[in-house]
Amino acid sequence: MSRLAVRECHRTMLNTRDLHTFRKQLLAWFRQFRRDLPWRRTRDPYHIWLSEIMLQQTRVAAVIPYYERFVDRFPNVHALAEAPEEEVLRLWSGLGYYSRARNLQKTAQQIAVKYGGQFPTQFDEALDLPGIGKYTAAAILSIAHGRKHAVLDGNVARVLARLGAIRGDLRESRRWQELQRVADAYLDPESPGDWNQAMMELGATLCAPKSPQCLLCPVAQFCEGRKLGIAESLPEKRKKRPTVEVTLAAAVFVDAGGLTFLLSPSREENKKAAADHIPTLVSRMWHFPTVSVMGNPAVQLRRFLQDSLSSAKHAKLQLEPLGRVRHSVTYRAITISPFLVKVNRLLRVRGAKRVPLLEVSSLPVSNLTRKVARAALAAATPPSKKC
Ligand code: SF4
């Protein structure tokens, strides 16, 4: 980060009187107009933590029903810690990024053992927990316990960048650290929880990535980006990670009664997972037999099935193509060719789960697996459902 950029960050600092007005106006706006969200009706750190994890990479409207079901089934840390992992994943199923659910439960187990089920009140203790970074720790501790820690995520960084007319890649390490210092300086020490939520709310509503509604903004008079007419162009675009194309083929076995089988989630911890690493792509959930392919998908899938499933070694498998399904996971653009394999009797596969094809989506499966199941369902209506 250049010296100029650091100086630009410092420009966001207001004098004492302006800072007082800035805080007062933003807090008053938040208290009057804030959205009524289920996790805002409580100060229970468990509920706030849950909502923060669910909201990562996911829209508020999509999170609400999941949050409500989760809280209903796991009303406290102990209930979550003691639940079967499969049930946790089932209630998470559809939200994506399943490592969040696993970390959530792992963390609940640590909190149950180490802190008697109470979320820690110290920042460093919270940071030591799996899946809790600085942003999440600051959000939970400020909202639940009134601790003076300022949040900084993409939304808040955008607001700060516009307020201070800060150019460049905000995620660049030194610039991000400087933004954190600015966020800390702005934090209202009297109401850190409301303050953090107000900054997030401004970023999520009026100061949205596209078309900021500056005319309605409670702090427009302090906004350098608006004054310079460059608010909408900030933050400047980051260099995108290049997309990796991944091509897969999957087999959906279906017997005469409409039953299929799914392979069990892999326990393999592969820290350097390749872009086409199957357990990574299916998020270590229940999945159809799937293989990465480079040439003819039917040929490679048949070979994979015969090599990896001993009961398929000598079976005559008719692979019926189901077209192509597209899916993306972060920087990976996946094209999957599913094949329907009709059999009189399902193969016996160790650890596999048999389930009606119609009910695959009720299991903890990835969105990729759901799409494959939908493609297979469209082609094979189970006889039991025909009448
Ligand atoms: S004036 Fe506009 S750009 Fe500036 S903080 Fe408010 S909404 Fe965002």
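Helix α9 passes α12 in a left-handed crossing, in what is a predicted model. α9 covers residues 134–145 and α12 covers residues 192–204, and the two pack with their axes 7 Å apart. Beyond that pair, there's a second helix contact to look at, between α10 and α11, plus three cavities of 30 Å³ or more across the whole structure and a couple of backbone oddities, at Q57 and at the bond between L234 and P235.

**α9 against α12**

- The packing angle here is about 130°, so α9 and α12 count as oblique to each other.
- On the α9 side, the contact is made by Y135, A138, A139, S142 and I143.
- Facing them from α12 are P192, G193, N196, Q197 and M200.
- Sorted by class, this contact has six nonpolar and four polar residues, with no charged ones.

**α10 against α11**

- α10 (residues 154–163) and α11 (residues 173–186) have axes that come within 10 Å and cross at roughly 85°.
- That crossing angle is why α10 is described as roughly perpendicular to α11.
- α10 puts G154, A157, L160 and L163 into the contact, while α11 brings W176, L179, V182, A183 and Y186.
- The class count for α10 with α11 is eight nonpolar, one polar and no charged residues.

**Cavities**

- Rolling a probe the size of a water molecule over the atoms is a way to show where empty space is left.
- Searching the whole structure turns up three cavities of 30 Å³ or more, and the largest holds about 120 Å³ of space.
- The largest cavity is lined by 15 residues, and those closest to its centre are R162, C207, C214, C217 and C223.
- α10 turns up again here: with three residues, this helix gives the most to the lining of the largest cavity.
- By class, that lining has twelve nonpolar residues, one polar residue and two charged residues.

**Backbone oddities**

- As background, most residues other than glycine have a negative phi, and most peptide bonds are trans.
- Q57 isn't a glycine, yet its phi is positive at about 60°.
- You'll find Q57 in the loop between α3 (45–55) and α4 (60–73).
- L234 and P235 are joined by a cis peptide bond, with omega at about -5°.
- P235 sits in the loop between α13 (224–228) and β1 (244–254).

Notes:
Residues numbered from 1 in each chain as written. Predicted model: local features only at pLDDT ≥ 70, side-chain atom pairs only at ≥ 80, totals over all residues. Heavy atoms only, no water. Axes fitted to C-alpha atoms, helices over the stretch in contact; angles between N-to-C directions. Helix = DSSP H or I, 4+ residues; strand = E, 2+ residues; numbered from the N terminus. Parallel < 35°, antiparallel > 145°, perpendicular 65-115°, else oblique. Left-handed = near helix turned anticlockwise from the far one by under 90°. Contact = heavy atoms within 4.5 Å. Nonpolar A, V, L, I, M, F, W, Y, C, P; charged D, E, K, R; others polar. 1 Å grid on protein atoms, 1.4 Å probe; cavity = no way out; pocket = protein on both sides within 12 Å on 5 of 7 lines; lining within 4 Å. Points joined across faces, edges and corners; volume = space filled by probe spheres on them.
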